[in-house]
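Please look at the sequence and the 3D structure shown below. The explanation that follows takes up the cysteines and then two places in the backbone.

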Amino acid sequence: MSIWNPPRLLDQAVLSLLRDEALAISALEYLPIELFPPLFMEAFYGSCRETLKAMVQAWPFVRLPLGGLMEMPHLGTLQAMLDGLDVLLSQKDQPRRCKLQVLDLRNTGQDFWRMWSGSSVQVSSSSLEEPVAKKRPRTHQTLGPLEVFIELHINGRTMDGFLTYLMRWVEERKASIHLCCKKLKIESMPRDNIMKILSMVQLDCVEEVRVHCTWRLSSLAVFAPLLGQMSNMQRLLLSHTDISTLEDQEEQHVVQITSQFLRLHYLQDLFLESAFFLEGCLDQMLRCLTNPLDTLGITHCLLTNSDLIHLSQCPNISQLKGLDLSGVTLTYSSPELLPGLLEKVAATLQELYLDQCGIMDSQLEAILPALSHCFQLNFFSIRGNFLSMAIMDKMLRHTSALPSLCQELYPVPQESFSSLGILQMGRLAQCRAELLEILKDLGRPRTIWISSSPCPHCGEDTFDHPEPITYGSNTSA
């Protein structure tokens with residue numbers, strides 16, 4: 001019988017120890033390191049709080065991935081952990097066996113527990129050593145600041161009991177605790193409450209930020225310097241849906257916001273949604289970008305011709321892999337601006353979204369030569385625009401030579417609608433048949449999706465999961 005298959009002596013030893021919590025706690029000083037994770041799991045699921053409290057103080061690994069055991073935040077378990085940490089932090093020198101430097105409350109670390117519990121089919125001897133901290137001399141170690149990692153989603157006007165208790169605990173121990181958060185999501189909470197919470201977070205640990213706010217521009221300007229302190233941020237999504245009347249000192253507020261990008265030296269992916277304050281002053285933000293972006297999304301915004309000119313001339317977008325201009329009305333822009341922008345990014349572009357841009361046949365025809373030079377393109381979506389079968393025929397022919405293109409989302413052809421703008425399913429079926437014939441004529445295996453989601457007439461989804469039109473690959477429409 002394999003040693004990895006139950007029943008195991010290890011399991012029996014763990015259960016025997018936990019029958020007597022006092023015995024289990026007294027044995028921690030001499031317990032083999034392999035017994036710590038399975039003993040911790042049994043104590044966790046058995047709510048043996050005193051054992052958990054003691055185990056934190058003797059944890060022989062650098063990281064304790066507690067979040068990997070919690071499907072839902074459990075306040076009682078958290079309190080036991082923090083009580084144990086309080087004892088640990090009160091000591092001048094770190095206990096001999098304890099290697100703990102990181103308490104991880106994120107929903108990660110399942111592999112750690114799976115490996116040490118023996119539920120993995122195979123575990124190499126080298127991987128058994130990876131979670132263990134490097135051996136230190138037996139001299140006392142000074143206990144440095146403990147890092148506590150969390151997944152921080154600030155949502156609603158009040159925090160849940162788990163987060164409230166944790167924040168209060170951290171606030172009282174700022175000198176010895178570093179509260180770290182790699183991914184931060186903020187929505188639906190007053191600005192002052194958010195700023196209080198973030199005052200306890202090591203902002204230079206943040207790598208990904210999503211902000212969905214309805215604040216006035218002046219409030220966003222007050223909050224913006226916190227974004228600037230997230231110096232290791234790699235990904236930012238900012239959705240600002242306030243469309244109130246213009247404020248006094250609006251230009252000054254915009255400068256306060258856009259200037260923070262000067263401090264984001266590692267920013268790779270930038271998404272700005274409903275950021276109406278950028279209209280006519282996009283160049284202010286573009287000038288503050290300090291390195292080339294991988295992905296840029298400017299969606300559901302109002303952009304002027306001047307904005308599009310500055311965008312196409314910005315040196316930090318020349319290596320874009322993803323570009324999303326969905327919801328940006330391009331009908332009134334100069335016809336050469338979008339083709340010029342695509343030429344700028346043609347060498348690297350992999351994903352392009354032009355949904356709901358008001359594009360009609362003439363605008364699409366103008367970008368076809370540039371689009372046909374995007375040889376890295378693998379995803380293209382132009383849904384929610386009003387295009388004819390004739391221009392879709394040209395588009396399919398221009399893009400047929402793109403070797404990586406594998407996902408294409410197109411709008412329902414205008415011939416599928418009645419004169420009143422009502423989708424006619426019979427006409428749609430005929431258009432789909434004609435598009436399949438075009439694919440056959442081109443002779444290259446290809447799959448495209450035709451979707452009126454959203455419908456260019458009513459702005460609503462008419463069908464969400466259309467069948468693809470496929471030629472080749474042993475399938476047909």
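This is a predicted model, and by the distance rule applied to it, the number of disulfides is zero. A disulfide is counted when two cysteine sulfur atoms lie within 2.5 Å of each other. Take Cys205 as a case. Its closest cysteine sulfur belongs to Cys180, and the two sulfurs are 3.5 Å apart, so they are too far from each other for a bond.

How buried or exposed is Cys205? Its relative accessible area is 18%. Buried means under 20%, so Cys205 counts as buried. Cys374 is also a buried residue, with a relative accessibility of 0%.

Now turn to the backbone. Which residue has a phi near 50 degrees? This is His300, and the value is positive even though the residue is not a glycine. To find His300, follow strand S12 (295-299) to its end and look in the loop that leads to helix H13 (305-313). The relative accessibility of His300 is 34%. The partly exposed class lies between the buried limit of 20% and the exposed limit of 50%, so His300 is partly exposed.

A second residue can be described in the same order. Gln356 is not a glycine, yet its phi is positive, at about 55 degrees. Where does Gln356 lie? Its place is the loop between strand S14 (351-353) and helix H15 (361-371). With a relative accessible area of 35%, Gln356 is partly exposed.

Notes: Residues are numbered from 1 along each chain as its sequence is written. This is a predicted model: local features need pLDDT of at least 70, side-chain atom pairs count only at pLDDT 80 or more; totals for chains, interfaces and linings use all residues. Side-chain values use heavy atoms; hydrogens and water are left out. Buried means under 20% relative accessible area, exposed over 50%, partly exposed in between (1.4 Å probe, protein chains only). Helices (H or I, at least four residues) and strands (E, at least two) are DSSP runs, numbered from the N terminus.
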